[in-house]
Amino acid sequence: MFTNLNDCIKTYKAEEQHVKVVFVTIENHLAMLAKNFKKYFLADDKLISSYKWVRDPFQNTPEGLSIEEEETFIDFTASGETKRQFSYKPLFEFWAGVDDEFSALKTRAFRILLPFSTSYLCETGFSAVASLKTKYRSQLNIEKELRVSISNIKPSFEKLCSARQAQGSH
């Protein structure tokens, strides 16, 4: 799995005791990593096969559809325009551009494609709070600052400054 480490182990024959200890520790750690990767990242084959229709709706049919949903899916796959768009657009753009007529399929596909869409916003909020709450700024009321820091709207400083009058000379 880790060819560079394997080459290193072969190059240095691990004759000294402290080198052997390091290599054994590395091997044990990598074995534990491989075990955890299999545990967390290898999904159930049945689950993967149930999502194949999202990757290619013209070759696979979703499971567990009602009769009305099946009819909609048949209309969806029979559409020449849909097939044409699928052939030249990336997967996410394809599903984003699906007509409102097939909104149920679109929603179902997005639930599979975007399972953790809201965690990004949570992480952004936590990072903003962490940057606002420093030892030099220990106020408890940071709602206004937090709203500004996580907003997507960029302020127009020119417009804000033009609304205020400069301090006149005395």
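Of the 170 residues of the protein chain in this predicted model, 16% are buried (under 20% relative accessible area, with a 1.4 Å probe and protein chains only). Local features require pLDDT of at least 70 and side-chain atom pairs pLDDT 80 or more, whereas totals for chains, interfaces and linings use all residues. Residues are numbered from 1 along each chain as its sequence is written, and side-chain values use heavy atoms, without hydrogens and water.

The protein chain contains 11 helices and zero strands (DSSP runs, H or I of at least four residues for helices and E of at least two for strands, numbered from the N terminus). Among contacts (heavy atoms within 4.5 Å) with a separation of 6 or more, 38% join residues 24 or more positions apart.

The largest nonpolar core (buried Ala, Val, Leu, Ile, Met, Phe, Trp, Tyr and Cys residues joined through side-chain atoms within 4.5 Å) comprises 11 residues, W53, V54, L65, F73, F76, F94, W95, V98, F102, L105 and A109. At least two residues of this core come from each of helix 4 (52–55), helix 5 (67–78), helix 7 (91–96) and helix 8 (103–113). Beyond its neighbours within four places in sequence, W53 contacts N60, T61, P62, F73, W95, L105, R108, A109 and I112.

Helix 9 (residues 119–132) and helix 10 (residues 143–150) have axes that come within 10 Å and cross at roughly 125° (lines fitted to C-alpha atoms over the stretch in contact, with angles from 0 to 180 degrees between N-to-C directions). Helix 9 is therefore oblique to helix 10 (neither under 35 degrees, over 145, nor 65 to 115). In this contact, T124, G125, A128, V129 and L132 of helix 9 meet E145, L146, S149 and I150 of helix 10.

Conventions:
Buried means under 20% relative accessible area, exposed over 50%, partly exposed in between (1.4 Å probe, protein chains only).
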